[in-house]
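Trainee: I would like to go through this model with you, starting at the ligand and ending with the backbone.
Mentor: Go ahead, and put your questions one at a time.

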Amino acid sequence: MTAPGIKTAPTAFDDSFARCITDGLSRTPKEIACKYFYDAEGSALFDAICALPEYYQTRTEVALLRRHAGEIAALIGAEAEIVEFGAGALRKVRILLDALERPCGYTPIDISGAYLRDVVRRLAADYPKLTLRPMVADFTMPLHVPAMAGAARRGGFFPGSTIGNFRPDAAMALLRRMRDMLDGGGLLIGVDLVKDPALLHAAYNDAAGVTAAFNKNLLARANRELDADFDLDAFANYAPYNPTAQRIEMYLVSLKRQSVQLSGRTVEFATGEAVHTEDSHKYSIESFREIAARAGFLPRAVWTDESRLFSIHWLESR
Ligand code: AVI
């Protein structure tokens, strides 16, 4: 059920996890797309990652948003519609909504429908006058988001350095689509920065093993949804930093030779065989501004912390 005051936009969302995992595990090397991390369990695990002491990204970005909220709100302008890509827990947007002058509405887009409905209900209770238009959709695919009546312009919001989970060519294509969608407005985007590899390694190899559970949730999800029989203890989480490509690479590595049943098929794993599950690219401020400019944005303001761990960019789309 949709909460009162919330308009749910119609979407053509195709649940393709089954196809992705069966195709990806029949390839060499094996792979599963990282967007499938985020079912309800995976989204909750990602929330737990964001609170980890080693995962500096969330607290650094939140501190930057709080510190510069006034400046950011002035750049976005009055009566804007905020469109958030991969909205997650809807915590960061509250900082924006509190700072903006008469925000017109908020369109959170997320692939995890149950999770989105839940968090939007809570947001609606705190912002009763705001028009909320949640969209359950895969924002990595071409997507039409109709203009919101009464909005002076659109401010895209893409925090959390999710852009880093795309290969540079795919990141560029996505930024181009966002640029077109935000025509006349702009995009506020969080980007994780290149830094000491030891800090990066720790952030993706936390002592409590939450990132390992997040990675293995792909297999647990296949067990829940696709009648698979993955033994989670027979796979290791492996997440090294590749300094040449400037990215964290995440893998699930088979600890033994094994056969797994998946949607009525048998998938064979050799000992030590890896399934690639995610890349998390890191940028310098300059290299990111360059990509944004090549995607058609006008890179304007950029904010970073004293230790240069993380950056937030305001890119104009006009
Ligand atoms: C969502 N994304 C930006 C996270 C990242 O840091 O690349 C996903 C993540 N994977 C492992 N830990 C967090």
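The questions below concern a predicted model.

Trainee: Which residues come nearest to the ligand?
Mentor: The ligand has 15 residues around it. Of these, the nearest are Tyr55, Asn165, Tyr204, Glu278 and Ser280.

Trainee: How far is a nitrogen atom of the ligand from an N or O atom in the side chain of Glu278?
Mentor: Take the oxygen atoms of the ligand before that. One is 2.5 Å from an N or O atom in the side chain of Tyr204, and a polar side-chain atom of Ser280 lies 2.6 Å from an oxygen atom of the ligand. With Glu278, the ligand partner is a nitrogen atom, and the distance is 2.7 Å.

Trainee: How much of the ligand's accessible area does the protein cover?
Mentor: On its own, the ligand has 340 Å² of accessible area. The share covered by the protein is 98%.

Trainee: How many residues of the shell around the ligand are charged?
Mentor: Elements that each supply at least two shell residues are α2 (40-50), α9 (210-225) and β13 (274-281). By class, seven residues of the shell are nonpolar and seven are polar. The charged class has one.

Trainee: Why is α7 oblique to α10?
Mentor: Helix α7 (residues 168-181) packs against helix α10 (residues 285-294) with the axes 9 Å apart, at an angle of about 55 degrees. Angles from 65 to 115 degrees count as roughly perpendicular and those under 35 as roughly parallel, so this pair falls in neither class. The crossing is right-handed. That angle therefore makes α7 to α10 oblique.

Trainee: Where is the residue with a positive phi that is not a glycine?
Mentor: That residue is Glu79, with phi of about 55 degrees. Glu79 lies in the loop between α4 (69-76) and β2 (80-85).

Trainee: Is the peptide bond from Thr28 to Pro29 cis or trans?
Mentor: Pro29 is found in the loop between α1 (17-24) and β1 (30-31). Omega for the bond from Thr28 is near -5 degrees, and the bond is cis.

Definitions and conventions. Residues are numbered from 1 along each chain as its sequence is written. This is a predicted model: local features need pLDDT of at least 70, side-chain atom pairs count only at pLDDT 80 or more; totals for chains, interfaces and linings use all residues. Side-chain values use heavy atoms; hydrogens and water are left out. A residue is near a molecule or strand if one of its heavy atoms lies within 4 Å of it. A polar contact is a pair of N or O atoms within 3.5 Å; within protein, one must be able to donate a hydrogen and the other to accept it, and residues adjacent in sequence count only if both atoms are side-chain atoms. Accessible areas come from the Shrake-Rupley method with a 1.4 Å probe; for residues, only the protein chains shown count as cover. Helices (H or I, at least four residues) and strands (E, at least two) are DSSP runs, numbered from the N terminus. Ala, Val, Leu, Ile, Met, Phe, Trp, Tyr, Cys and Pro count as nonpolar, Asp, Glu, Lys and Arg as charged, and the others, Gly among them, as polar. Axes are lines fitted to C-alpha atoms, for helices over the stretch in contact, and angles run from 0 to 180 degrees between N-to-C directions. Angles under 35 degrees count as roughly parallel, over 145 as roughly antiparallel, 65 to 115 as roughly perpendicular and the rest as oblique. A crossing is left-handed if the near helix is turned anticlockwise from the far one by less than a right angle, and right-handed if clockwise.
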